[in-house]
Amino acid sequence: MTITDALPDLDFPGHDKLVAAIDAAVVAGDEHAVTAALRTTLCGMIRDRDVQLPSCVHDAIDDHYARREIYRSPRLGYSVVAMTWGPGQGTPVHDHCGLWCVEGVWDGELEITQYELLERDGENFRFRAAGGMHAGPGSAGSLIPPHEYHTIRNASRESVAVSLHIYKAPMEACSMFVPNEGEWFARVAKTLQTDEAA
């Protein structure tokens with residue numbers, strides 16, 4: 001077995017169309033050109049009836065939001081992760097470990113809040129919310145370090161939401177920021193787990 005045999009690559013309707021579109025966007029130039037191209041691509045793919053994510057990504061997990069890696073490019077290195085948000089599930093303030101990312105809402109609605117880093121004192125960071133939005137199906141946004149701090153939450157009490165995240169490389173860890181006092185947060189390193197995708 002070669003290394004590439006072990007890379008996540010789920011079969012689903014429109015798989016090749018989605019991968020080809022992402023491949024074309026990822027080679028668009030610098031990180032600003034790539035993320036702009038990916039936002040356009042992802043919005044189009046979400047609306048494309050030929051592309052349907054694997055059925056498992058619509059199943060929420062009771063005690064945490066689900067992260068299912070459905071594809072990793074053996075040639076370009078990017079990772080595609082479907083996240084499933086049960087009612088009320090969300091993230092703390094977190095970063096993306098220096099990786100650019102494009103995130104699109106596939107189903108449902110998500111509440112996204114960006115945070116601006118104001119200052120740092122060792123492992124303590126002072127953030128201020130810098131704007132939020134409710135994102136519905138077909139919308140996409142991007143994060144380019146150092147502007148990578150945010151929260152995501154499914155504000156619905158009843159519905160599941162699904163988002164698709166394309167990362168420059170597999171995101172296996174990040175920093176979470178735990179509220180401390182006022183605008184200050186303490187950084188905590190977090191290893192990110194992936195849930196089984198089938």
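This tour goes through selected salt bridges and then the cysteines of a predicted model.

Begin with the charged side chains, since a search of the whole structure finds ten salt bridges, and a few of them are worth selecting in turn.

Select Glu111 and Arg153 and display their side chains: the two form a salt bridge in which the closest N and O atoms are 3.1 Å apart. If you then colour by secondary structure, you will find Glu111 in strand S5, which covers residues 110-121, and Arg153 in strand S8, which covers residues 150-153, so the pair ties together parts of the sequence that are 42 residues apart. With a surface switched on, Glu111 is seen to be partly exposed, its relative accessible area being 22%, while Arg153 is likewise partly exposed, at 35% relative accessibility.

Next, select Glu119 together with Arg126, where a salt bridge brings the closest N and O atoms to 2.8 Å from each other. Glu119 has a relative accessibility of 36% and therefore counts as partly exposed. Keep these two residues selected and add Arg128 and Glu183, because the four residues Glu119, Arg126, Arg128 and Glu183 are linked in a network of salt bridges.

Now move to Arg120 and Glu123, whose side chains meet in a salt bridge with an N to O distance of 3.5 Å. Both partners are again partly exposed: Glu123 has a relative accessible area of 41%, and Arg120 reaches 48% relative accessibility.

Leave the charged residues and turn to the cysteines. How many disulfides does a search of the whole structure find? The search finds zero, and the sulfur positions of two cysteines can be inspected directly.

Select Cys97 and Cys174 and draw a distance between their sulfur atoms: Cys174 holds the cysteine sulfur closest to that of Cys97, yet the separation is 6.4 Å, which is too far for a bond, given that a disulfide requires the two sulfur atoms to lie within 2.5 Å. Cys97 itself counts as partly exposed, at 43% relative accessibility.

Finally, keep Cys174 displayed and add Cys101, which is in no disulfide either, the nearest cysteine sulfur being that of Cys174, 11 Å away. Is Cys101 buried or exposed? With a relative accessible area of 1%, Cys101 is buried, whereas Cys97 is partly exposed.

How values were computed: Residues numbered from 1 in each chain as written. Predicted model: local features only at pLDDT ≥ 70, side-chain atom pairs only at ≥ 80, totals over all residues. Heavy atoms only, no water. Helix = DSSP H or I, 4+ residues; strand = E, 2+ residues; numbered from the N terminus. Buried < 20%, exposed > 50% of the residue type's maximum accessible area, 1.4 Å probe, protein only.
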